[in-house]
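Q: Could you take me through the surroundings of ligand 2 in this model, and then show me how they sit within the chain as a whole?

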Amino acid sequence: MQVALLGGSFNPPHVGHLMAASYVHATQGVDEVWLMPSAQHPFGKQMEAFEHRVAMCDAMCRETSGWLKTTRIESEPGLTGRTVDTLALLVERHPSVRWSLIIGSDILRDLPHWKDFHRIQEMSRVLVLYRAGYPAPDTVGPPLAEVSSTVIRELLARGTEPSDLVPSGVLAHARAAGLYGLRRGK
Ligand SMILES: Nc1ncnc2c1ncn2[C@@H]1O[C@H](COP(=O)(O)OP(=O)(O)OP(=O)(O)O)[C@@H](O)[C@H]1O
Ligand SMILES: O=C(O)c1ccc[n+]([C@@H]2O[C@H](COP(=O)([O-])O)[C@@H](O)[C@H]2O)c1
């Protein structure tokens, strides 16, 4: 079994995440893609509550035939959002799985600040996807959607519902829970 991990804040999940996961599932020989929301972010990003981001990731998973799943592993005690530690735990727990790690090309500039990236490369195949606007050498595949959670949060703050950028089930959860300043149930 081959699993690709897509870690992130998912604050909120959007079609860029869905396209990245679908692309990897369709072309990179993996059986499943697991969304891995951060419980705490190593660089201190502020996020909506973990449980809400998990619920929104689950809503996005329901857009697929079952190959996309959400893992809550980063909420386990002892983990701090450093991917090397999470991956080591996953490797120990699922010894027969072969792991890939998906990152967007915008992250490349941060990698020198990651903990033990060389160990991540030993434990997994790292797939760097071409995020539109962030060209870099050695990326895999065509440029993917020009969409970010930051833009979505900005649109929501201005009262615009980005229904063309966010899966409808994700927006429905955000609305029902009153996230991002949305009026509950609006
Ligand atoms: N449009 C996209 N195309 C390709 N990769 C993406 C895209 N959006 C996010 N990713 C990748 O998904 C992972 C998680 O991203 P994250 O949840 O931080 O989303 P984001 O849109 O970058 O959020 P924010 O705007 O809040 O920083 C990262 O590896 C990121 O590079
Ligand atoms: O391992 C690290 O040192 C490290 C440092 C920064 C970010 N990460 C991971 O990178 C993933 C994407 O992070 P971000 O900043 O795009 O939300 C997410 O799973 C983070 O936990 C990991």
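A: Happy to: here is a walk from the shell around ligand 2 out to the whole chain. Please keep in mind that this is a predicted model.

Let's begin at the ligand. There are 16 residues around ligand 2, and those that come nearest are G7, S9, P42, T83 and W114. By chemical character, the shell around ligand 2 is a mixture: six of its residues are nonpolar, six are polar and four are charged. Two elements each contribute at least two residues to this shell, namely strand 1, which covers 2–8, and helix 3, which covers 83–93.

Now for the annotation. An unreviewed UniProt entry lists residues 5–154 as "domain: Cytidyltransferase-like". In the model, helix makes up 33% of that span and strand 21%, while the C-alpha atoms at the two ends of residues 5–154 are 27 Å apart.

Stepping back to the chain, you will find six helices and six strands. Their order along the sequence is β-α-β-α-β-α-β-α-β-β-α-α. The chain has a radius of gyration of 16 Å, close to the 16 Å that the globule rule gives for 186 residues, so the chain is as compact as a globular protein of that length. Along the principal axes, its C-alpha atoms fill a box of roughly 45 × 35 × 35 Å. Of the 186 residues, 34% count as buried.

Finally, a word on contacts within the chain: taking those between residues at least 6 apart in sequence, 69% join residues at least 24 apart.

How values were computed:
Residues are numbered from 1 along each chain as its sequence is written. Chains are lettered from A and ligands numbered from 1 in the order in which they are written. This is a predicted model: local features need pLDDT of at least 70, side-chain atom pairs count only at pLDDT 80 or more; totals for chains, interfaces and linings use all residues. A residue is near a molecule or strand if its C-beta atom, placed from the backbone, lies within 6 Å of it. Helices (H or I, at least four residues) and strands (E, at least two) are DSSP runs, numbered from the N terminus. Ala, Val, Leu, Ile, Met, Phe, Trp, Tyr, Cys and Pro count as nonpolar, Asp, Glu, Lys and Arg as charged, and the others, Gly among them, as polar. UniProt positions are given in the numbering used here, feature names are shortened, and annotations may be inferred rather than shown by experiment. The radius of gyration is taken over C-alpha atoms; the globule rule is 2.2 Å times the number of residues to the power 0.38. A residue is buried if 20 or more other C-beta atoms lie within 10 Å of its own, exposed if 12 or fewer, and partly exposed in between; C-beta atoms are placed from the backbone. Two residues are in contact if their C-beta atoms, placed from the backbone, lie within 7 Å.
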